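Please look over the structure below before reading on. The report then takes it region by region.

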Amino acid sequence: MKVYSGNRIILNLIVNKNLFKRVIFLTPRERAVAAFELHEPDDIVPTFELQFQLAEWLLGKKHISQEELDMASGAERDRLLHENAELYLEEAERLDYSLINVSMGPRKFEDLIETIKILRRLAGNKYMITAHADGTMAIPNGQNMMDVAIRLAEKADEVHEELRRNADSTIEYAKKLVDAGAECFAMCADYCFNDGPFLSPRMFREFVTPYLAYIIAAMREMGAYTIKHTDGNIMPILDQLVECRPHAIHSIDPQAGVDLKKVKNLVGDKVALCGNVSCAILQTGTVEDVIRDSERALRDGMPGGGFFFCTSNTPFVGMPLENYLAMLDVRKRLGTYRKCCE
């Protein structure tokens, strides 16, 4: 018999004939909260992805595009938004995600807001609704790399003024998302290449750290959780990332030589870690390769809690679905902190 109490499902199980044992299973959202707060969930390690790009292969459905939505109006537009939100929920249910990151489909702000509102109505408090918001300086693209370097050297005051405006704008943007129902932010400005950050640690402290800390402090004041994502070798700036007080760091990139066990030992008592099953192995390896790397990630990341089990980037188009599902099967087999009914 299922009895619902708050956000938890309490099962009364008959054990040894007439003996009853009460077992509490956390909701997906509660698992996320436990990990963000650096605790072990009572049941299984939480999982999520910044994007799940394989819905068409798993569920036979695709997220709607902004172009499709722009061509619709009235009831048709509402239907498309609801279908898109329902697909997020279907993915989360099927894959046991704790976070739903609203990053697939419509890109316009008003459509993002409406999607978050629909998800909150449909999902209640079962999942943590997440959205992208950053505003800090990311790696410049190949076309403007030289211009950025020159401006940093010759027009630093001007750059700082732009960074302050970007930070303030991001905070106002985040407030509107929180009002709509978001309670977590994925901060996805990339800072690092495989051989290190695009700025030296000294320049990173000048041009990134103060603004990242400022934005995260404001998000915390809103009551939101934060996940700071950056690919690449973060080790030269790891101390500064942690100093900015995100709740979690994603993705602890193995393709850049970042060792999850080492990072866990260094900062696992200060920040939750997300990752870090190798996307290279998931894309080109065998199922057996994926199983070995998934076991390694759980072994290195789980102890003591404060860990989200996920890929080192996203399950992207072209990654074999069977490999990704094999990764999640390892979680089911080895990702439990406490066996039920013990």
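What follows covers backbone geometry, one cavity, one helix pair and four single residues.

**Backbone geometry**

This is a predicted model. Start with the peptide bonds. The bond from His250 to Ser251 is cis, and its omega is near 25 degrees. Ser251 sits in the loop between β10 (248–250) and α11 (260–267). Another cis peptide bond links Gly275 to Asn276, with omega about -15 degrees. Asn276 belongs to strand β11, residues 272–277.

Next, phi. Arg245 is not a glycine, yet its phi is positive, at about 65 degrees. Arg245 lies in the loop between α10 (238–243) and β10. Ile252 also is not a glycine and has a positive phi, here about 50 degrees. Ile252 is placed in the loop between β10 and α11. Is Ile252 buried or exposed? Its relative accessible area is 1%, so Ile252 is buried, the cut-off for buried being under 20%.

**The cavity**

How many cavities of 30 Å³ or more does a search of the whole structure find? The search finds one. The largest cavity holds about 90 Å³ of space.

Its lining can be read along the chain. Glu49, Leu50, Gln51 and Phe52 are among the lining residues. Tyr88, Glu91 and Ala92 also line the largest cavity. The lining further includes Tyr97, Leu99, Ile100, Asn101 and Met104. Helix α4 (74–95) supplies at least two of the lining residues, and so does strand β4 (99–101). By class, the lining has eight nonpolar residues, two polar and two charged.

**Helices α6 and α7**

Helix α6 covers residues 145–154, and helix α7 covers residues 156–180. The two pack at an angle of about 105 degrees, and their axes are 5 Å apart. Angles of 65 to 115 degrees count as roughly perpendicular, and α6 and α7 are therefore roughly perpendicular to each other. Which residues make the contact? From α6 come Arg151, Leu152 and Glu154. From α7 come Ala156, Glu158, Val159 and Glu162. By class, the contact of α6 with α7 has four charged residues, three nonpolar and no polar.

**Four residues and their surroundings**

The table gives C-alpha to C-alpha separations for four residue pairs.

| Pair | Apart in sequence | C-alpha to C-alpha |
|---|---|---|
| Leu58 and Ser103 | 45 residues | 18 Å |
| Leu163 and Leu266 | 103 residues | 30 Å |
| Ser312 and Cys274 | 38 residues | 8.1 Å |
| Glu206 and Cys274 | 68 residues | 26 Å |

The contacts below leave aside neighbours within four places in sequence.

Leu58 is in helix α2, residues 55–59. Leu58 has a relative accessible area of 12%, so it is buried. Leu58 is in contact with Phe52, Arg94, Leu95, Leu321 and Leu325, leaving aside neighbours within four places in sequence. Phe52 also appears in the lining of the largest cavity.

Leu163 lies in helix α7. Its relative accessibility is 6%, so Leu163 counts as buried. Not counting residues up to four places away in sequence, Leu163 touches Met137, Phe207 and Tyr211.

Glu206 is located in helix α8, residues 201–207. Buried or exposed? Neither label fits Glu206: at 32% relative accessible area, Glu206 is partly exposed. Beyond its neighbours within four places in sequence, Glu206 is in contact with Ala156, His160 and Tyr211. Tyr211 is also touched by Leu163, and Ala156 also takes part in the contact of α7 with α6.

Ser312 is in the loop between β12 (307–311) and α14 (321–334). At 2% relative accessibility, Ser312 counts as buried. What does Ser312 touch, not counting residues up to four places away in sequence? Asp231, Ser251, Asp253, Pro254 and Gln255 are among its contacts. Asn276, Val277, Ser278 and Cys279 are also touched by Ser312.

This brings the report back to the cis bonds. Ser312 touches both Ser251 and Asn276. Ser251 follows His250 across one cis bond, and Asn276 is joined to Gly275 by another.

Key. Residues are numbered from 1 along each chain as its sequence is written. This is a predicted model: local features need pLDDT of at least 70, side-chain atom pairs count only at pLDDT 80 or more; totals for chains, interfaces and linings use all residues. Side-chain values use heavy atoms; hydrogens and water are left out. Helices (H or I, at least four residues) and strands (E, at least two) are DSSP runs, numbered from the N terminus. Buried means under 20% relative accessible area, exposed over 50%, partly exposed in between (1.4 Å probe, protein chains only). On a 1 Å grid over the protein atoms alone, a cavity is a set of points where a 1.4 Å probe fits but cannot get out, and a pocket is an open set with protein on both sides within 12 Å along at least five of seven lines; lining residues have an atom within 4 Å of a point. Grid points are joined across faces, edges and corners, and a volume is the space filled by probe spheres set on the points. Ala, Val, Leu, Ile, Met, Phe, Trp, Tyr, Cys and Pro count as nonpolar, Asp, Glu, Lys and Arg as charged, and the others, Gly among them, as polar. Axes are lines fitted to C-alpha atoms, for helices over the stretch in contact, and angles run from 0 to 180 degrees between N-to-C directions. Angles under 35 degrees count as roughly parallel, over 145 as roughly antiparallel, 65 to 115 as roughly perpendicular and the rest as oblique. Contact means heavy atoms within 4.5 Å.
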